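Okay, everyone, thanks for making time. I'll put the model up and then walk you through a few spots and some overall numbers.

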Amino acid sequence: MDLQNSTKPKPPVVWLTGFPGMESSHILISIPFCSMYIISILGNAIILFIIKTDQSLHEPMYIFLSMLAMTDLGLSLSTMPTILGIFWFNARRVSLDACFTQLFFIHSLSFIESSILLAMAFDRLVAIRNPLRYASILTVPRISKMGLAFVFRGVALIFPLPFLLRRHQYCRANVLFHSFCLHQEVMKLACSDITVNSIYGMFVIVSTVGVDSLLILLSYIMILKTVLSIASREERLKALNTCVSHICAVLLFYMPMIGLSVIHRFGKDSPLLIRIFMGYVYLLVPPLMNPVVYSVKTKQIRARIIQIFSK
């Protein structure tokens, strides 16, 4: 009986990476990461609470902001167990099934966030170009349908990835460069041909991030064209000021994502620490900074936060 158990093949696992060579300092390194998670979770939860409890904020702009906050919460909770597990308990060993599950949530939530940022650009475009029709165009039922469409697109495009990855044999030292699982890195661990995964992954990136970023750019070209046609300089600045928070959120999301994708595909000789750092920036900075940016730049939310903490 013992002989049979000893010859039974072990389930494949992957090994995650913290900061190589700095294992003795992982507890200290965990302090800023834990602080980032606390600020991110509390910040996005406060945004959701304020929007839910304040009837004056039940407008399209703030409904989209609440969607963004929920997505950021999901991203934080998706990466927190493995990142803090490595720094606190040196828990680097993860089963392939758990790895596939994590990458499914990370990528689907990332693409849902991309869709929400596109919707927020459309919201600003309608508000500036057609302010009189703003409420009639962006109704609550229409926004709800858009939210469901975002979730469906993100889930439907990422759903095949775990099954495509499961087809492969994993016979190498399955060590990932990050403290979490990403498709573009996990597929490289396979011993068999990954052409299908690579092509499908590129298709998903182009059809989501590529299309969304292009449409956001076109939206802001139209917004800028409209703003420049406004006679009053004060009115132009006021109109542009309503877009500042969204522009910051777009830059915080797309720049790290594009940088990480470029490094994974073309930066094979780049230093390991740069790849690790870019991975953390991509997944930790947007959920951390979005509530900060919107709290600082949005007058209504800032006033409600001050009111809550001054009681």
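So, Leu-57 is buried, because its relative accessible area is just 1%; buried means under 20%, exposed over 50%, and partly exposed in between, with a 1.4 Å probe and protein chains only. Keep in mind that this is a predicted model, where local features need pLDDT of at least 70, side-chain atom pairs count only at pLDDT 80 or more, and totals for chains, interfaces and linings use all residues. Numbering runs from 1 along each chain as its sequence is written, and side-chain values use heavy atoms, with hydrogens and water left out.

Where does Leu-57 sit? In the loop between α2 (26-53) and α3 (60-89). Helices here are DSSP runs of H or I, at least four residues, and strands are runs of E, at least two, numbered from the N terminus. Leaving aside residues up to four places away in sequence, Leu-57 touches Ile-50, Ile-51, Tyr-62, Gln-300 and Ile-301, a contact being heavy atoms within 4.5 Å. As for Val-285, 228 residues apart from Leu-57 along the chain, the two C-alpha atoms are separated by 25 Å.

Next stop, Asn-90, in the loop between α3 and β2 (93-95). What's phi doing there? For Asn-90, phi is near 55 degrees, so a positive value in a non-glycine residue. Most residues other than glycine have a negative phi. Asn-90 counts as partly exposed because its relative accessibility is 48%.

Zooming out, the protein chain has 13 helices and 2 strands. Buried residues are 48% of the 311. Of the contacts with a separation of 6 or more, 79% are between residues 24 or more positions apart. The radius of gyration is 22 Å, which agrees with the value near 19 Å for a compact globule of 311 residues; that's taken over C-alpha atoms, and the globule rule is 2.2 Å times the number of residues to the power 0.38. Along its principal axes, the C-alpha trace spans about 80 × 45 × 40 Å.

How far can we trust the model? The chain averages a pLDDT of 90, and 95% of the residues score at least 70; pLDDT is the predictor's confidence in each residue, from 0 to 100. Over residues 1-7, though, pLDDT is below 50, and this stretch has 0 contacts beyond near neighbours in sequence. Where pLDDT is low, the predicted coordinates shouldn't be read in detail.
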